[in-house]
Amino acid sequence: MAEKRLLLIDGNSIVYKAFYALINQVERFTNNKGVHTSAIYGFNNMLDIMLKKTNPTHALVAFDAGKTTFRTNMYDGYKAGRHKTPEELIEQFKYVKELLKARGIKTYELDNYEADDIIGTISKEADNNGFQTTVVTGDNDLTQLCSEKTTVSISNRGVSGVTHYDTDYVKETMGITPQQIIDWKALKGDSSDNYPGVKGVGDKTSLKLIKKFNSVENLYDNLDEVSGKKLKEHLIEDKQEAFLDKKLARIHRDAPIDIELTNLNYLGDNLEALVKFYREMNFKKFLSQMDFDETKDMKSINYTELTKDNLIDLKNNNDEVTFYLGIDGENYHSDNFIGFALKIDNDNYVSKDINLLKLPQLKNILENNNIVKNVFDTKRTYVGLNRLGITLKNVGFDLLLSSYLLNTNDNSNDLGRVANEHDYFEIQSDEDVYGKGAKRRIPEDDVLYSHFSRKLMAIQSLKQKLLDELNDNQQIDLYKNLELPLAFVLAKMEIDGIFVDKDILDQMSSKLTERISEIEQLIYNEAGVKFNIASPKQLGEILFEKMHLPVLKKTKTGYSTAVDVLEKLASNYPIVQEVLDYRQLSKILSTYIVGLSKDIHDDHKVHTRYLQTLTQTGRLSSVEPNLQNIPIRTEEGRKIRQAFVPSHKDWQIFSSDYSQIELRVLASISNDKNMQDEFINNDDIHASTARRIFDLKDNSDVTPELRRQAKAVNFGIVYGISDFGLANNTGISRKDAKQFIEKYFAEYPDVKNYMDDIVGKAKNNGYVETILHRRRYLPEINSRNFHQRSFAARTAMNSPIQGSAADIIKIAMIKMQKALKDNNLKAKMLLQVHDELIFEAPNDEIKILEKLVPKVMDSALKLKVPLKVKSHYGKNWYNIK
DNA sequence: GAACTCACG
DNA sequence: ACGTACGTGAGTTCA
C-alpha cells in the first residue's frame, strides 16, 4: 500500500498568526477592491512551505465554527477578554476558504468544537489508519497530539519560521510526554484562553510537578509529597480549578465529525481557479511562481501581416482606429523600431516593416484629423512617428494616461501590466514576452505579432471602461483638456531638445579633474593613507575610527557621512571641508559633465523624456538626462548652465517662473483670509509670516534671520509640518519649532482647518485630490503603524498643494505653446522645471515674451489670490537675469 | 540591486 | 510612546 500522508492545518490559528506577522504592512496588502489580503498572503506562504515539505496525499484545514463551544459551556470565561478580531482580518476568512478550494484542500468546521478538536479527532483516526500526519498550528497546545506517526509543526516568528515537534522532541525539550502537556497546562493555566490554573503555579513549577507526579490526578492523590507549604495550600485551594482546566486544555479526540478520512484526498491546485484568485487578490508573487503558461489561457488571436502589396486591402473609411508602435527600449528618441500594429474594426494588421507607415495608405490614417486614434502612451507614439516623418493627430483614448489618472499607483509603463491592473488578462507584459536583461530578445514573428495584436485588443477593450471611470471621478476634463493635449506639448518640447555646448563642458571637465586630484592629495595627506573618498564606508572608517572624529549620526549600515553631518564638523576639522569640496566637485563632474555629455545626441542637443505618468502628485519628472535638477544653488555647479545655449545664433534663453506658487495654492484652497490678503497686497509673504509668528509690529521690523526662519516654517507647512521635522531641518529646538507652528496656526487659522479637513477627507474617501480632481490614493492613512499613518497624513496635506501647482503649470504650458503659434513666434518652449518654463527665442522676440509668457502663466487658472510670475533672459541658461 | 549621497523644485 | 519634513533622478560603492 502506498504511503498515506495527511496534512492537518489549524486554520484560525495560522490566519491569526499571518495577520499579526504582517500587521505593519496590513494597508499595503489590499487588492483593487480594497479588501485586505495580508493574512491570505501569509497563509498561502505557509501553505506552500508545508505542501512542499510534507508532499501530502490527504489534507484538511479546520476552522473554529463560532464563539460558543463545549468549553464555553463548561466555563463562562473561556477565551474571554480577548481583543475583538479586527475588521481587516474578519473579511479575509472567506477568501482563505476560497483560496483553499482553489488549492484543492478541503475545509471543515463543526458547531460547538474548536479547530483543535477537529484536528485531534482526525489525527487520532489517522494514527489508527497508518497515516503519517503533520499538524500545522500556531498554538503550542497541539503538541499534545504528537505520536509515533504524528508530528506537530508550530509556526513562530511570523508564519514562515516553523518548529517541528514529534514525541521525542517534546520529551527532549520539555521532559514530559505529549499527553502530559494537558496536565502541565491544567496547573499553569492559559492566559490567552483565559483560565488561570493554580494560583502561584507558572510554567516552571507546573513542569516540575508533572515530571514528579506524572498527572494532575496522581498529584492530588499524593499531595503530602509536595514540598513547600504555600504551594500545597494553593494546590488545595484551586483543586477544582485544576481539574476544570485539565478538561479545557484537553483536545477532544472523539468529536462527532461527519467526514471520512478517505474523503480528504489532496487534489492539488486547480490552476484556472487559482490564477483567477491570485489575480483577484493581486498576488503577483504567487502568480509569477506558478507553473502556468498564461498564453495557454488566452484566446488565440488573428492578425494579418501587412506588406507593400496588401496595403490596398485596408479599409479606411473608419472614423476610429487603434494603433501601437513597437520600440525596442524605453528611449523612444533613439531606440530601434520593432514594428507596428493597427486595428481597424475587428481586424488586426501588423508588420515589422516600419517603413510601410510612410506610405500614404497608413500615413494618411495617422495624420488624419478626422480619424480618432486609440493608443498606449501618446507622447511616445508621437515622438516615434515623428522620427518617421509622420505627425500623429487626434488621439481619443490613451490607455497609459487614463490609467495613471485613475490611480497614480498603477504607473507601470508596460501595456500588459496596465491592462492587468484593470482586470484585463488577455495579454502578457513585455518582460514576459521579450525576456529580461541579457535574455531579452524580440521573439519570432508569430509570438511578436500575437503580442502586438493583443495590445490592440487591450487598448480597445479597456477604452470605454476607463473613460467611464474617469467620468465617475470627474476626471474627464483633466484627461481630455489637460493631460492629453499636454502629451503633444511635451512631445514637441522633447523633440526640439536643448542645445548643449560640449566644448564648454570639456573645458570644465579638465579644470575640475585637476582640482579634484589636488583635493584628493590633501585628503590623503591628512588621513595619512590613500582610500576611496567616494566610498561612505571607507570614509567613515577613516574619519570616525582612524581619526576619531565625533559620531553625530549613524545610518543603518554604519556612520553617516551626509552633508549635514560633515558641515557640523567642517569648521573643526580641515579634512572634512576638503571632503565636502571633493564631493561637490565630483558630483558636478560625474553627473553633470560626464553624465550629461553621454546624453548629447548627434544634433548637439539633449532630448530629455518627461515622464508624464510617474509621480504621485501630478508633477512631471525628467530622465536621460534629468533636466530638472541642473545645479543652481552653488556658483560652482551653476556654471554647468553656461553649456545650455540657444540653438541659433543671436537667440536668447528666456525663463519665467512662478513665485511661491505652492503657498498661493495653499492660500487659495485653505481659504485663509489672512494669507490671501498678504498675497493680494503683494506683501513679502515670508516677512509677513515672520511678523506674525514673532509678534512684530511691522514687516519692516523683520530681520533677515527671522525672515529665514519664517520661510522655513512656510516650507514646513506645505510639506505637512511636524515640530520634529521643522527642528531637524532648521536647527532650532523642537520646543521652539512647536511654538512657531502653534503660533502659525493661530495666525492662519484656516490653514489649520484645511490641514485637519484634508486628513479627514483622506481617511473617509481613501484619497485626496487637486483643484482639477487629480487623485492620489492613500491607503496607509488608516494604518496602525504610526510611521506609515503619519507619512500618509503629511502626504494628504502636501499632495493637493504640490499637485494643484502642477495642474496650473501644465495648463500654462498648453496655452503657451498655442500662444507661440498664434502669435507666429519662432520662440520655442524647451523645458519645464516644476514652477518654471524655459524658452529659446530670437533677440527680437524677447520683448514680446516678457509680456506674453507671464500673462499666459498668471492667468492659467483663476485662484483666490493672484499668481505672480518673474522673467529672466540671457545668452545662456547661466547668464539669465 | 540596495544603500548612500546629492542635485533640483 | 511612537519618530519624520513633500516630490523627483542619477552616480558610486559594495554585498
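**Entry 1: the surface near DNA strand C**

I began with the elements that each supply at least two residues of the surface near DNA strand C, and I found helix H23 (536–546), helix H25 (574–598), strand S16 (621–623), helix H30 (704–718), helix H31 (723–730) and helix H34 (786–822). I noted that helices (H or I, at least four residues) and strands (E, at least two) are DSSP runs numbered from the N terminus, and that a residue is near a strand of DNA if one of its heavy atoms lies within 4 Å of it.

I kept in mind that this is a predicted model, in which local features need pLDDT of at least 70 and side-chain atom pairs count only at pLDDT 80 or more, while totals for chains, interfaces and linings use all residues. Residues are numbered from 1 along each chain as its sequence is written, chains are lettered from A and ligands numbered from 1 in the order in which they are written, and side-chain values use heavy atoms, with hydrogens and water left out.

Which element gives the largest share of the surface near DNA strand C? I found that H34 does, with 7 residues. In total 38 residues surround DNA strand C, and the closest are Ser 535, Ser 621, Asn 626, Arg 776 and Arg 794. By class I listed 11 nonpolar, 20 polar and 7 charged residues, where Ala, Val, Leu, Ile, Met, Phe, Trp, Tyr, Cys and Pro count as nonpolar, Asp, Glu, Lys and Arg as charged, and the others, Gly among them, as polar.

I then looked up single contacts, taking a polar contact as a pair of N or O atoms within 3.5 Å. A polar side-chain atom of Arg 794 lies 2.8 Å from a base oxygen of DNA strand C, and an N or O atom in the side chain of Asn 626 is 2.8 Å from a sugar or linking oxygen of DNA strand C.

**Entry 2: DNA strand B**

I counted 22 residues around DNA strand B, with Thr 561, Arg 583, Ile 632, Arg 633 and Asp 835 the closest. Of the atoms of DNA strand B that come within 4 Å of the protein, 79% belong to sugar and phosphate; for DNA strand C, sugar or phosphate make up 60% of such atoms. Here H25 gives the most to the surface, with 4 residues.

Phosphate oxygens of DNA strand B appear in two contacts that I wrote down: one lies 2.6 Å from a backbone N or O atom of Ile 632, and one is 3.0 Å from an N or O atom in the side chain of Thr 555. I also followed Lys 587, which has a polar side-chain atom 2.7 Å from a base oxygen of DNA strand B and a polar side-chain atom 3.5 Å from a base nitrogen of DNA strand C.

**Entry 3: a salt bridge and a sheet**

How many salt bridges does the structure hold? I found 43, each being a side-chain nitrogen of Lys or Arg within 4 Å of a carboxyl oxygen of Asp or Glu. One of them joins the side chains of Glu 88 and Arg 784 at 3.1 Å, N to O; this pair links distant parts of the chain, 696 residues apart, with Glu 88 in helix H4 (residues 87–102) and Arg 784 in the loop between strand S20 (775–777) and H34.

Last, I traced an open sheet of 3 strands in the order S14-S13-S17, with antiparallel pairing, where two strands pair if DSSP finds at least two bridges between them. Its edge strands are S14 (605–606) and S17 (644–645).

Methods: A polar contact is a pair of N or O atoms within 3.5 Å; within protein, one must be able to donate a hydrogen and the other to accept it, and residues adjacent in sequence count only if both atoms are side-chain atoms.
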